[in-house]
Amino acid sequence: MSVSPAPEPRERPAGDDASGAPDSPGGLRVLLVEDNPGERWLFSEILRSRGHTVVACEDAETAWEAYRDRPTSLALLDWILPEMDGLELCRRIRESPGGDRTVVVVVTGRNDPEALETVLAAGADDYVSKPVDVALMNVRLAVAENVAGVRADHARSQETLKARTREIEALFENLDQVFFSIDVEEDRLIQVSSAAREVLGMDADRLREDPELWREHLYPPMLGEVEPGEPHAFQHPYQHPDGTERWLETRLVRSAGAEGGSPRIYGMVSDATGRKRAEEGLSERNEELMTLYRLSEITLNAHASGDAYDEILAVISQSTGFPVVMVERLHWASERLTLVASRGLPADSGRELREIPVHESLSGTAARTGEPVVEPDARRRPEHTHEALRRLDLRTWLSFPLVVEGRVTGALTLADHDVREPDRRMVRWAGSLAHSVAAHMERTGAQEALRESERRYRDLARELRSANAELEAFAYSISHDLRSPLRTMTGFAHALLENFGEDLPPGALDYARRIIASGERSEELIRDLLAYSRLTFDELEPERVELGDVVATAREQLTAAIEESGAEVEVEGPLPTVVGHETTLVQVVSNLLSNAMKFVPDDRKPRIRVRARADDPSVRLWVEDNGIGIPEDQRERIFRVFERLAVAEAVPGTGIGLAIVRRGMERMRGTAGVEPRDGEDGSSFWIEIPRARSEGRAPGG
Ligand code: ADP
């Protein structure tokens, strides 16, 4: 037997490929099994007329092969057939994969309810009785087509759903997280993704099989009951079977079972070790920064190097967990370390440890080499020989050089009685702390040096002042003591001239006159010197002084000289009021006016202008002349005692006048100077002095 169309070519439309063509749109592939050729033809025609493609067979065996080859959506089977009957074929179809989707209609000559039951029991969906009524057949086929359509749709959705599920599963399988689901009532692990291998060190299959195992690894008791609602997240340490300590993060959510089924827990486990470490690293880093900040604050607030060590060492001990901390200073010359500060040492050990040769301790090694020493057990180090140190029985030893301005100045040591294996982080951190201690040493050391030099400077200034005072007192007393013998001498010379002038030979007269001239010059010198010295010792009580009065008095004192030189003195009044010492101010102005008349070329009549300007807080007064002027490089020099310029040699003077001006002004909290005149010959001497607050009288200027 063969698959049609062999006997009846019309049963298969041209181009119809029974094994390859899909259900045509609107039409289905229909398996038709009928041993009666006439009926076979009839049924084929009916089916084709409904737009279907027909796979027509005359026996069940052939049909079964065709069906197995490619299942059809609809099967129209004759019950009674030679050898295998239609019902048997129906059963086979139903049992075959996807066979439940085919709509099976059995054609039978029997019409009793029993037969009908048998047909349905064999898995058929419907039946058509013989002899076939074409109209009825069409109705039954319409129903069958509908059912087939629904089933095909359903099958397609099923397929799509499966494909999606597969995709999602593949996705989950490829993620680093372990996804799992648990049936709560059955206490059964429904699913677990293969990342379990990596994350938990457990094969997914093994977990599924062994409830103890999955409970222990996926859902440890510490996670507690999962209540329905919001997801729960836990981080917990995990001893991975590969021996590493890890952190896992488990997220769980419980949801009611689908359609009233058992509730489920959906979970995800991920390896949080990296994140946890990073978080820990970050918080460690933050703590370190805080500690460094604290140390720098302590340093900034400390005044002397000894001040803050207790606090600094306490912070270091706390942040490193080392009970013993020492700071030693290195003395290069003696090759010794002296203990500057310590913490955690027995009370009496300080004295014994005060000085340790650099070759007898590990801190010495650090200081000598400039490299850190990290030693879990100091007893095995050959240089750890100093008796007092060995008695302390410190095992773990971390020593860091303290570098200040590029030079090793000592060592910071952290020590513990236990053997510890400091990790890289600890060593790095202790190194940072050593930097802080060095910064503290540097800063407080610099402060001390500054204070020391200030102290020395002050001592020096004091010594200088007292030496000056002594010298001036000496000069004063000499000048003073010289005065009376000098007066006696010139007095006798005068007497000689007056009483015996006529009897003296001309040579003796000349000598007597010279004695008088020299005596007067010396007298003048002594007077100026005494005036100058007095400016040093006398109390110059400040008072309100009218500069106008000062200038007037000075002019009066110089009346003779003014007349003699024919000088013109112009005063631009009114002049302001100042705070000073009137007598001293008169002397100052008088000296300036006198110089202004003296240092004028012979052929010129002195013209002097006095003017002032009142600023806040001082007043400046100028005495301008039309004299010989002063070269720029000499303008400071002339204010020193006995300094006279070469051009002044022909002019009488002691070289003390301007020194009195400068010192007098300084004693009155003022100053004095000289500047050239704008575009004119001569000089412009000036003094500056505090201005008086207006007190009814308006300040002039
Ligand atoms: P003395 O007037 O007794 O020489 P001073 O101390 O008053 O001493 O002056 C010091 C020197 O400054 C003078 O010798 C002179 O060389 C110079 N000097 C002072 N006043 C003037 C001036 N108004 N013009 C030019 N040179 C002056």
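A polar contact is a pair of N or O atoms within 3.5 Å. In this predicted model, an oxygen atom of the ligand meets that cut-off with Lys 598, where an N or O atom of the side chain is 3.0 Å away.

## The ligand site

Two further contacts to the ligand come from the backbone. A backbone N or O atom of Thr 654 lies 2.9 Å from an oxygen atom of the ligand. For Gly 657, a polar backbone atom is 3.3 Å from a ligand oxygen atom. On its own the ligand has 520 Å² of accessible area, and the protein covers 98% of this. The ligand sits in the largest pocket.

The shell around the ligand holds 21 residues, of which Asn 595, Asp 625, Arg 644, Thr 654 and Leu 658 come nearest. By type, the shell residues divide into 10 nonpolar, seven polar and four charged. Which elements each supply at least two residues of this shell? They are the helices α18 (582-598) and α19 (657-667) and the strand β23 (683-690). Helix α18 gives the largest share, with three residues. Thr 654 thus appears twice in this description: it is among the residues that come nearest to the ligand, and its backbone makes the 2.9 Å approach to a ligand oxygen atom.

## Backbone exceptions

Most residues other than glycine have a negative phi, and most peptide bonds are trans. Some places in the chain depart from this pattern.

Two cis peptide bonds precede prolines. One runs from Lys 130 to Pro 131, with omega near -10 degrees. Pro 131 is placed in the loop between strand β5 (126-129) and helix α5 (134-174). The other joins Gly 573 and Pro 574, and omega is about -10 degrees here. Pro 574 belongs to the loop between the strands β18 (568-571) and β19 (577-580).

Positive phi values occur at Asp 393 and Arg 669. Phi of Asp 393 is near 55 degrees, although the residue is not a glycine. Asp 393 lies in the loop that runs between α13 (387-392) and β15 (396-404). Is Asp 393 buried, partly exposed or exposed? Its relative accessibility is 38%, so Asp 393 counts as partly exposed. Arg 669, also not a glycine, has a positive phi of about 60 degrees. This residue is in the loop between α19 and β22 (671-676). Arg 669 counts as exposed because its relative accessibility is 74%. The loop of Arg 669 begins after α19, a helix that also supplies at least two residues of the ligand shell.

## Selected residues

Arg 677 is in the next loop to consider, the one between β22 and β23. Its relative accessible area is 16%, which is under the 20% cut-off, so Arg 677 is buried. The side chain of Arg 677 is joined to that of Glu 680 by a polar contact of 3.5 Å.

Other residues were placed in strands or helices. Phe 180 is part of strand β6 (residues 178-183), and it is buried because its relative accessible area is 4%. Ile 356 is found in strand β13 (residues 355-357); with 0% relative accessibility, this residue counts as buried. Arg 611 is in strand β20 (residues 607-614). At 22% relative accessibility, Arg 611 is therefore partly exposed, since buried means under 20%. Glu 287 sits in helix α9 (residues 273-301) and is exposed, with a relative accessibility of 59%.

Each of these four residues has a C-alpha distance to a partner elsewhere in the chain. The table sets the separation in sequence beside the separation in space.

| Pair | Separation in sequence | C-alpha to C-alpha distance |
|---|---|---|
| Phe 180 and Glu 279 | 99 residues | 27 Å |
| Ile 356 and Thr 490 | 134 residues | 79 Å |
| Arg 611 and Pro 576 | 35 residues | 9.9 Å |
| Glu 287 and Ser 319 | 32 residues | 8.5 Å |

The C-alpha atoms of Glu 287 and Ser 319 are thus 8.5 Å apart, with their positions 32 residues apart in sequence. For Ile 356 and Thr 490, 134 residues apart along the chain, the separation in space is 79 Å.

Definitions and conventions. Residues numbered from 1 in each chain as written. Predicted model: local features only at pLDDT ≥ 70, side-chain atom pairs only at ≥ 80, totals over all residues. Heavy atoms only, no water. Near = heavy atom within 4 Å. Polar contact = N/O pair within 3.5 Å; in protein donor to acceptor, adjacent residues only side chain to side chain. Areas by Shrake-Rupley, 256 points an atom, 1.4 Å probe, with all protein chains shown as cover. 1 Å grid on protein atoms, 1.4 Å probe; cavity = no way out; pocket = protein on both sides within 12 Å on 5 of 7 lines; lining within 4 Å. Sits in = over half its atoms within 2 Å of the grid points. Helix = DSSP H or I, 4+ residues; strand = E, 2+ residues; numbered from the N terminus. Nonpolar A, V, L, I, M, F, W, Y, C, P; charged D, E, K, R; others polar. Buried < 20%, exposed > 50% of the residue type's maximum accessible area, 1.4 Å probe, protein only.
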